[in-house]
Amino acid sequence: MSHVYLNGQWLPIEKAHVSVLDRGFIFGDGVYEVIPVYNRRVFALEAHLKRLDRSLAGIRLSPPLDAEQWQPIIARLVQETETDDSSIYIQITRGVAPRDHAFPANTQATVFAMAKPMTAVPEEWLSQGIKVVTHEDNRWLHCDLKTTALLANVLLRQYAVDHKAVECILIRDGFVTEGAASNIIVVHEEQLLFPPRNHLILPGITYDLVIELAKKHGIPFKEAPVTRSQLQEASELLMTSSTREIVPITEMDGKKVGAGVPGPLFRELLSLYQGLK
Ligand code: PMP
């Protein structure tokens with residue numbers, strides 16, 4: 001039977017409860033991580049834990065556990081889950097306190113972790129590509145922090161679903177930032193363009209790994225601002241995230257991307273990426 005971890009206890013998920021005064025519930029005052037597990041081996045754990053600490057620092061919450069303390073918790077989650085491929089979800093909030101915006105004094109953080117079976121990427125996404133829509137990026141200016149305050153992302157993803165699309169590509173002041181729950185890579189004039197790592201996008205672990213692969217295998221790439229017209233002229237568009245890896249985008253706002261079929265750089269990068277597992 002699989003259990004979840006909550007504040008030092010191991011519980012069946014139905015028995016894991018947090019107070020209604022938890023600042024995660026009241027304010028979305030918390031951060032999270034999602035870590036993929038392949039064949040019961042945790043993928044890129046160090047990078048994910050590093051980003052977790054970076055997000056914690058960004059919301060001024062000291063890390064309740066260090067990498068060594070996370071290790072046995074994650075190992076137990078991986079072991080107990082029913083499937084060989086899963087994902088670990090970690091959430092840390094500023095804890096339980098009387099409702100007041102300012103930080104409470106001496107409050108313990110709430111620490112939660114669970115494993116969930118990995119849902120396979122649908123075969124037709126890889127063979128035919130996915131549809132996306134574009135939308136103005138109307139989120140706050142700390143998109144580099146992986147916080148649980150995801151309401152804007154939730155509304156933007158729903159906008160995509162309402163338009164029968166899988167993802168929404170966000171554009172801020174004429175430049176591509178990322179997807180509502182993914183990073184976006186644009187293939188323009190035979191080069192991979194990565195929207196720059198700054199406060200406007202989440203530094204994706206998959207995005208980083210694809211940059212490393214491009215470097216290693218001599219695929220031309222650039223980390224640089226990407227305009228809306230470069231996005232529209234793209235010969236290929238790729239969506240990346242830890243749970244979906246690399247997915248080709250073949251239709252955007254009702255128009256074909258490039259030839260309208262998954263392209264050669266997608267195939268090359270996906271096969272290189274799968275070699276990392
Ligand atoms: N940007 C956003 C807004 C996301 O939610 C995600 C998925 N966690 C990503 C990018 C991709 O990051 P990663 O490759 O680390 O999953």
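**The open sheet.** Start by selecting the six-stranded sheet in this predicted model. The sheet is open, its strands run in the order β2-β1-β6-β5-β3-β4, and the pairing is antiparallel. Now pick out the two ends: β2 and β4 (41–42) stand at the edges with a single partner strand each, so one side of each has no neighbour in the sheet.

Zoom in on the β2 end. Strand β1 (residues 4–6) is joined to β2 by 3 bridges, and the two run antiparallel. If you want one pair to click on, take Val4, which stands opposite Leu11 in β2. With the backbone displayed, keep in mind that strands of a sheet pair through backbone hydrogen bonds, either parallel or antiparallel.

**Out to the surface.** Follow the chain on from β2 (9–11) and you'll land in the loop that leads to α1 (23–27), which is where Leu21 sits. How accessible is Leu21? Its relative accessibility is 36%, so Leu21 counts as partly exposed. Add Val20, Phe25 and Val96 to the selection, switch on the surface, and you have a nonpolar patch of about 390 Å² made by these residues together with Leu21.

**A shared aspartate.** Next, select Asp29 along with Arg23 and Arg94. Which residues form salt bridges with Asp29? Arg23 is one partner, with the closest N and O atoms 2.8 Å apart. Arg94 is another, and there the closest N and O atoms are 2.7 Å apart. Trace where that second pair comes from: Arg94 lies in the loop between β5 (86–93) and β6 (110–117), while Asp29 is in the loop between α1 and β3 (30–38), so the pair ties together parts that are 65 residues apart in sequence.

Are these charged residues buried or exposed? Arg23 and Asp29 are both buried. For Asp29 the relative accessible area is 10%, and Arg94 counts as buried too because its relative accessibility is 7%. The cut-off for that label is under 20%.

**A charged network.** The salt bridge count for this model comes to 13, so there are others to visit. Select Arg139 and Asp137: the closest N and O atoms of this salt bridge are 2.9 Å apart. Arg139 is buried at 9% relative accessibility, and Asp137 is buried at 3%. Extend the selection to Arg172 and Glu178, since salt bridges that share partners join them with Asp137 and Arg139 into one network.

**A hairpin and its neighbour.** Move on to β10 (183–188) and β11 (191–194). These strands run antiparallel, joined by 3 bridges, and they form a hairpin with 2 residues between them. Click Glu189 in the turn and check its backbone: phi is positive, about 50°. For a cross-strand pair, look at Val187, whose bridge partner in β11 is Leu192.

Then bring in strand β12 (residues 221–223), which runs parallel to β11 and is joined to it by 3 bridges. Here Leu193 has Lys222 in β12 as its bridge partner.

**Last stop, α8.** Select helix α8 (residues 264–274) and show the side chains of Leu265, Phe266, Leu269, Leu270 and Tyr273, which are buried. Turn the view to look down the axis: the buried residues of α8 fall within an arc of 125°, so they line one face of the helix. That spacing makes sense, because an α-helix has 3.6 residues a turn and residues three or four places apart point the same way.

What covers the buried residues of α8? The cover includes both hairpin strands, β10 and β11, along with α4 (123–128), α6 (205–216), β13 (236–241) and β14 (245–252).

Conventions: Residues are numbered from 1 along each chain as its sequence is written. This is a predicted model: local features need pLDDT of at least 70, side-chain atom pairs count only at pLDDT 80 or more; totals for chains, interfaces and linings use all residues. Side-chain values use heavy atoms; hydrogens and water are left out. Patches are made of residues with over 30% relative accessible area and no salt bridge: like charges are joined within 9 Å, nonpolar side chains (Val, Leu, Ile, Met, Phe, Trp, Tyr) within 5 Å. Accessible areas come from the Shrake-Rupley method with a 1.4 Å probe; for residues, only the protein chains shown count as cover. A salt bridge is a side-chain nitrogen of Lys or Arg within 4 Å of a carboxyl oxygen of Asp or Glu. Helices (H or I, at least four residues) and strands (E, at least two) are DSSP runs, numbered from the N terminus. Buried means under 20% relative accessible area, exposed over 50%, partly exposed in between (1.4 Å probe, protein chains only). The arc is that of the directions from the helix axis to the C-beta atoms. Contact means heavy atoms within 4.5 Å. Two strands pair if DSSP finds at least two bridges between them.
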